[in-house]
Amino acid sequence: SLLIVDEFHDREKEGDTVLEVAKALGVPSVVMSATIDTESLSKHHSQYDGTPSPILHMEGRKYSIDERYMDDATKAAAWSLNQGYDTLYLLPRVEDIKLETDRISSRVERPHIILPFHGQQSQSLQDRALLRSYDVPKLILSTKIGSTGLTVGVDVVVIPDLSRTTILGKGGVDSLVLQHPPASEVTQAEGRVSRDRPGGIAIHAPYHLTPTDLPPNPDTYDTPEITRSRADDLILHLGTAGLRLGNMSEVSEKIAKKLDYKDLPSDQEVERSLTRLRHLGALSIDNMLTDIAYEMAKLPVDSQLKRMIVASREYSEEVHRYMIIAACVAQFNGVVALGQEASGNRLSNERRADMLRDLDVFLRALDMHTAEQDMHGILPQRIERIIAHANEICKREGIDELDGNRLPDEDERQQLL
């Protein structure tokens, strides 16, 4: 067997976890990226005799770029369109895309097309931005996903001084924060205009919403997600992967010892996760993994949602499927656009639980025409992702996929509650 992990610079927790599990189980691995700390990674993932793993440099085709600096990112994007260039403009948040569309259009004097690109879109909408060529200059307004791993076919990339990342806030709750991008993220962004054609231009410019008191970012590389997110999944996956962690009361020390982890969640966050897993029944009173933990580890949602799905197996297949759908709706933060929650919530009379209300909204939205979805702030691309995710879990659970949009009756709602 051989494990290959590409785009490792993203440092998503799934990549870190699977790499560490493979190391502990003796599965050889190949890690690929254009912007990672190769020396540190080579020493950490050493060979069987303790020597650092080999580093292979494979030079791909890369054209030189013209780096420029301007005083405003919005003006830079407008200037690029006015020059007739196809342009990628990287933005920190989805909500910034609509804002910048209006600000840029008023500054462009020639025919052009502006295309959004972000992770909430359907594949067809993403393809519209990336794969099509147009008779007029195009501007792709993209979140961070446009800065890495993609060949977007543009002449200019506009790189603002603002990025977004996830951290663990107080009480172990995920929070989105703004920061200056690390050096590796900037390098990845520059690569969007150096891969497929000569003459690319990278414009660095301040973003008009960057806080004036935002401190500099000293990091060369992205902070690993595994150090800034809940440790629930890490504990479940490592504990159920045959690593024989045994009693979990000293899990931080055991994981560090068994896996020689380079990047670990804090002891405080590990303890929060252990407390949460005990409450959910994944850990016994003597801190041993239970059968429930092994079932939870199979499900690709957050730990509380995993437990709900496992518990719903005791009810009818219809209730089980409703629970899976409700969990996926919660996992993707509903189907209503930010700022339009009030309009979307009017689609349901359910007031006993947010998850039931959001399930109602999702099911009602399935039967809506585009104009009606727009009126209520429904995100059709989010619906597509939820359906795909829910159907995958239904398949794993051995039940029929989502078919139809019947709302649960009162008996089913009581069971879901």
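Which residue stands opposite Ser-142 in S6? That would be Phe-117, and strand S6 is a good place to start the tour.

## Before we start

This is a predicted model, so a few ground rules apply: local features need pLDDT of at least 70, side-chain atom pairs count only at pLDDT 80 or more, and totals for chains, interfaces and linings use all residues. Residues are numbered from 1 along each chain as its sequence is written, and side-chain values use heavy atoms, with hydrogens and water left out.

Helices and strands here are DSSP runs, numbered from the N terminus (helices are H or I with at least four residues, strands are E with at least two). As for cover, "buried" means under 20% relative accessible area, "exposed" means over 50%, and "partly exposed" is in between, with a 1.4 Å probe and protein chains only.

## Strand S6 and its partners

Strand S6 runs over residues 138-142, and 5 of its 5 residues are buried. In a regular strand the side chains alternate between the two faces of the sheet. In S6, one side carries Lys-138, Ile-140 and Ser-142, while Leu-139 and Leu-141 sit on the other, and both faces are covered.

S6 has company, too. Two strands pair if DSSP finds at least two bridges between them. Strand S4 (residues 87-90) pairs with S6 in the parallel sense over 4 bridges, with Leu-88 standing opposite Ile-140. Strand S5 (residues 113-117) also pairs with S6 in the parallel sense, over 5 bridges. That pairing brings us back to Phe-117, opposite Ser-142.

## One aromatic pair

How many aromatic pairs does a search of the whole structure find? The search turns up 1. The ring centres of Trp-79 and Tyr-85 are 6.1 Å apart and their planes meet at 50°, so the pair is tilted. For reference, rings of Phe, Tyr and Trp (its six-membered ring) pair if their centres lie within 6.5 Å; planes under 30 degrees apart count as stacked, over 60 as edge-to-face, and the rest as tilted.

Both partners get some exposure: Trp-79 is partly exposed at 26% relative accessible area, and Tyr-85 is partly exposed at 28%.

## Salt bridges

Side chains of opposite charge can pair when their charged atoms come close. A salt bridge here is a side-chain nitrogen of Lys or Arg within 4 Å of a carboxyl oxygen of Asp or Glu, and the structure holds 24 of them. Take Arg-276 and Glu-269, whose side chains meet at 3.4 Å, N to O. Both of these residues are buried. Arg-278 and Glu-271 form a salt bridge as well, at 3.6 Å, N to O. Here Arg-278 is partly exposed at 31%, and so is Glu-271 at 37%.

Arg-357 and Asp-358 make another salt bridge, with the closest N and O atoms 3.2 Å apart. Arg-357 is buried at 17% relative accessible area, whereas Asp-358 is partly exposed at 23%. There is also a network of salt bridges, which links Glu-317, Glu-318, Arg-321, Arg-406 and Glu-412.

## Out on the surface

Leu-2, Ile-4, Val-30 and Met-32 make a nonpolar surface patch of about 340 Å². Patches are made of residues with over 30% relative accessible area and no salt bridge; like charges are joined within 9 Å, and nonpolar side chains (Val, Leu, Ile, Met, Phe, Trp, Tyr) within 5 Å. The accessible areas come from the Shrake-Rupley method with a 1.4 Å probe, and for residues only the protein chains shown count as cover. Leu-2 lies in the segment before strand S1 (3-5) and is exposed, at 52% relative accessibility.

## Loops and a helix residue

Glu-59 is in the loop between helix H2 (38-44) and strand S3 (65-69), and is exposed at 76% relative accessibility. Glu-59 and Ala-34 are 25 residues apart in sequence and 9.6 Å apart in space, C-alpha to C-alpha.

Most residues other than glycine have a negative phi. Asn-333 has a positive one, near 60°. This residue is in the loop between helix H12 (317-331) and helix H13 (341-345), and is exposed at 66%.

Is Asn-391 buried or exposed? At 14% relative accessibility, Asn-391 counts as buried. Its home is helix H16 (residues 380-397). Leaving aside neighbours within four places in sequence, Asn-391 is in contact (heavy atoms within 4.5 Å) with Glu-401 and Leu-402.
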